[in-house]
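This report goes through side-chain pairings and local confidence in one protein chain. The sequence and coordinates are shown first.

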Amino acid sequence: MSDNKPYTLASGDKATIVMAYTANSLVRGEVITKEFVRVSTWLRTQGAPEYIQFFNAQVLLFSGSAPAQNLTFRDLVVPAATIIGYHIAPPAKDPVDYDETERNRKMEPLTILIGSFRFNGFMRISSQATIAHHLDIAHETLASVYEIDISNPSVQSMAMHIPMMLVRPNLAMLGSRT
């Protein structure tokens, strides 16, 4: 292990800093993937592990009315099924995962609530659909959301903008915005 890293990259591997949101926490850490993997959509692929291993992990743990706890782990394992929201940590980013010239699509404004986090962004859906109708038809385990502003009243210094994230619709609350 070099550079004080708790891992050694194998040939063809890369480390990427990501952020993952669960019902009561935010995890920020490095994940190891193959170089060819598009990390922003990694959890939606067949190659996604059942357990996500984060290195140099920082965890904000929210527990009711008490202040958020800040925890640090050299190595942290999180069950992928408990991750409700996920994105690459800024300033890194991947290209969007859709064809901008695709017809009959719209960017529907929505607010997503995950624990105490608020995500204002856009979901790309059929121009004839509502978000509820889209989710009923698409049956996506993880849905893409774009141009997101993230905030949390408990961590006011954490406001940020990201180009894309994945959200687990069956565990988050999604509200249409005008």
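## Model and confidence

The structure is a predicted model. Mean pLDDT over the chain is 93, and 98% of the residues reach 70 or more. Of the chain's elements, β5 has the highest mean pLDDT, at 98, and helix α1, residues 131-138, has the lowest, at 92.

## Ser 144 and its polar partners

Ser 144 belongs to strand β8, which covers residues 143-151. Its relative accessibility is 9%, so Ser 144 counts as buried, the cut-off being under 20%. The side chain of Ser 144 makes a polar contact of 2.7 Å with the side chain of Arg 44. A polar contact of 2.7 Å also joins the side chains of Ser 144 and Asp 97.

Arg 44 and Asp 97 are in turn paired with each other: their side chains meet in a salt bridge, with an N to O distance of 2.5 Å. Asp 97 lies in the loop between β5 (85-88) and β6 (105-114), and Arg 44 in the loop between β2 and β3, so this salt bridge ties together parts that are 53 residues apart in sequence. Asp 97 is partly exposed at a relative accessible area of 25%, and Arg 44 is partly exposed at 34%.

Leaving out residues up to four places away in sequence, Ser 144 touches Arg 44, Asp 97, Met 123, Met 164, Met 165 and Leu 166.

## Leu 166

One of the residues touched by Ser 144 is Leu 166, which lies in strand β9, residues 160-167. With a relative accessibility of 0%, Leu 166 counts as buried.

The contacts of Leu 166, not counting residues up to four places away in sequence, are Ser 40, Thr 41, Leu 43, Arg 44, Ile 84, Gly 85, Tyr 86, Leu 142, Ala 143 and Ser 144. Arg 44 is thus listed among the contacts of Leu 166 and among those of Ser 144. Between Leu 166 and Ala 129 the C-alpha to C-alpha distance is 20 Å, and the two are 37 residues apart in sequence.

## Other salt bridges

How many salt bridges does a search of the whole structure find? The search finds five. Among them is the Asp 97 and Arg 44 pair described above; two others are described here.

Glu 30 and Lys 5 meet through their side chains in a salt bridge of 3.4 Å, N to O. Glu 30 is in strand β2 (residues 25-34) and Lys 5 is in the segment before β1, so the pair ties together parts that are 25 residues apart in sequence. Glu 30 is buried, with a relative accessible area of 10%, whereas Lys 5, at 28% relative accessibility, counts as partly exposed.

Lys 34 forms a salt bridge with Asp 13, and the closest N and O atoms are 3.1 Å apart. This pair links distant parts of the chain, with Lys 34 in strand β2 and Asp 13 in strand β1, 21 residues apart. Lys 34 counts as partly exposed at 40% relative accessibility, and Asp 13 counts as buried at 15%.

## Aromatic rings

Six aromatic pairs are found in a search of the whole structure. In one of them, Tyr 7 and Phe 55 are tilted, with 5.0 Å centre to centre and 55 degrees between the planes. Tyr 7 is in the segment before β1 (13-21) and Phe 55 is in strand β3 (residues 51-61), so the pair ties together parts that are 48 residues apart in sequence. Tyr 7 is buried, with a relative accessible area of 11%, and Phe 55 is buried, with 9%.

Tyr 21 and Phe 117 make an edge-to-face aromatic pair: 5.0 Å centre to centre, 75 degrees between the planes. Since Tyr 21 lies in strand β1 and Phe 117 in strand β7 (residues 117-126), the pair ties together parts that are 96 residues apart in sequence. Both residues, Tyr 21 and Phe 117, are buried. They belong to one aromatic cluster formed by Tyr 21, Phe 62, Phe 117 and Phe 119.

## A charge over a ring

Arg 177 places its charged end over the ring of Phe 122, at 5.4 Å from the ring's centre.

Technical notes. Residues are numbered from 1 along each chain as its sequence is written. This is a predicted model: local features need pLDDT of at least 70, side-chain atom pairs count only at pLDDT 80 or more; totals for chains, interfaces and linings use all residues. Side-chain values use heavy atoms; hydrogens and water are left out. Helices (H or I, at least four residues) and strands (E, at least two) are DSSP runs, numbered from the N terminus. Buried means under 20% relative accessible area, exposed over 50%, partly exposed in between (1.4 Å probe, protein chains only). A polar contact is a pair of N or O atoms within 3.5 Å; within protein, one must be able to donate a hydrogen and the other to accept it, and residues adjacent in sequence count only if both atoms are side-chain atoms. Contact means heavy atoms within 4.5 Å. Rings of Phe, Tyr and Trp (its six-membered ring) pair if their centres lie within 6.5 Å; planes under 30 degrees apart count as stacked, over 60 as edge-to-face and the rest as tilted. A charge sits over a ring if NZ of Lys or CZ of Arg is within 6 Å of the ring centre and within 35 degrees of the ring normal. A salt bridge is a side-chain nitrogen of Lys or Arg within 4 Å of a carboxyl oxygen of Asp or Glu. pLDDT is the predictor's confidence in each residue, from 0 to 100.
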